[in-house]
Amino acid sequence: MHAVALGDTTASATPPAAAGTPTETPTAPPGDKPTGSPSPSATPSTAAAVTALQGALGAEHAAVYGYGVVGARLPEDQQRADARTAYAAHEARRDSWQRLLASLGATPTAAAGGYQLPFAVTDTAGATRLAAHLETRLTAVYADLVAAVPGPQRSAAADALRECALRAHRWGAADTAFPGIPEPLPTPTAAPPATRP
């Protein structure tokens with residue numbers, strides 16, 4: 001079994017897994033819905049919402065794992081208390097997405113058997129850097145979720161985005177104007193027309 005890259009939201013060549021999803025997907029018995037798929041009668045917008053919700057759930061599975069590592073490297077002080085609070089918040093959000101997916105007729109994606117850290121975490125500085133990394137990656141996931149889900153779920157997705165952006169700031173991540181949305185590339189400026197002598 002391969003460990004899933006913690007916080008990675010891009011598909012890799014080997015194994016073909018996205019962030020927070022198991023590298024081995026169980027095969028459904030004949031006649032059952034595939035794991036994580038919306039019901040056969042789902043509309044395209046519902047299918048897109050389910051896909052985005054599965055991505056958010058996978059990211060929360062990874063965050064719960066990551067905060068276990070973060071907490072283990074922090075001293076017994078306010079930072080560890082903050083890590084415990086964040087851990088509980090991610091568990092609650094994970095459970096909320098699982099319930100929502102089940103209510104939509106989809107099988108919630110299970111946590112991966114293991115996750116590979118994006119860098120070594122051996123001390124307090126590494127732990128706070130990992131916490132900032134987790135929250136920053138989640139803002140991107142939640143920005144996508146806000147765009148994908150219908151109105152009733154959009155409020156919960158926007159709340160999750162706001163909470164992650166605030167936690168990322170507290171852990172020392174760089175502030176951005178629009179959390180979760182990549183900075184636009186600079187617009188090339190046209191050269192002034194050449195003047196003839």
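In the predicted model, a polar atom of the R93 side chain lies 3.5 Å from the backbone oxygen of A156. R93 belongs to helix α2. With a relative accessibility of 14%, this arginine falls under the 20% limit and therefore counts as buried. When residues up to four places away in sequence are left aside, R93 touches E60, Y142, A156, D159, A160 and E163. A156 thus appears both as the polar partner of the R93 side chain and among the residues that R93 touches.

Helix α2 comprises 26 residues, from 78 to 103. At 1.5 Å a residue, a helix of this length should span 38 Å, and the C-alpha atoms at its ends are 38 Å apart, so the expected and computed values agree. At the start of α2, a side-chain oxygen of D77 reaches to within 3.0 Å of the backbone nitrogen of Q79. After the helix comes G105, whose phi is positive, near 85 degrees.

R93 is one of several buried residues in α2; the others are R80, A83, A86, H90, R94, W97, L100 and L101. An α-helix has 3.6 residues a turn, so residues three or four places apart point the same way. Within the buried set, such spacings are found from R80 to A83 and on to A86, and again along H90, R93 and W97.

Several of these buried residues also take part in the packing of α2 against helix α3, which covers residues 124–148. The axes of the two helices come within 12 Å and cross at roughly 30 degrees. Because this angle is under 35 degrees, α2 and α3 count as roughly parallel to each other. Their crossing is left-handed. On the α2 side, the contacts are made by Q79, A86, H90, R93 and W97. On the α3 side, the residues met are T124, T128, E135, L138, Y142 and L145. Y142 is also listed among the residues touched by R93.

These helices form part of a protein chain with four helices and two strands, which follow the pattern β-α-α-β-α-α along the sequence. The chain has 197 residues, of which 36% count as buried. Among contacts between residues at least 6 apart in sequence, 71% join residues at least 24 apart.

How values were computed: Residues are numbered from 1 along each chain as its sequence is written. This is a predicted model: local features need pLDDT of at least 70, side-chain atom pairs count only at pLDDT 80 or more; totals for chains, interfaces and linings use all residues. Side-chain values use heavy atoms; hydrogens and water are left out. The expected span of a helix is 1.5 Å times one less than its number of residues. Buried means under 20% relative accessible area, exposed over 50%, partly exposed in between (1.4 Å probe, protein chains only). A polar contact is a pair of N or O atoms within 3.5 Å; within protein, one must be able to donate a hydrogen and the other to accept it, and residues adjacent in sequence count only if both atoms are side-chain atoms. Axes are lines fitted to C-alpha atoms, for helices over the stretch in contact, and angles run from 0 to 180 degrees between N-to-C directions. Angles under 35 degrees count as roughly parallel, over 145 as roughly antiparallel, 65 to 115 as roughly perpendicular and the rest as oblique. A crossing is left-handed if the near helix is turned anticlockwise from the far one by less than a right angle, and right-handed if clockwise. Contact means heavy atoms within 4.5 Å.
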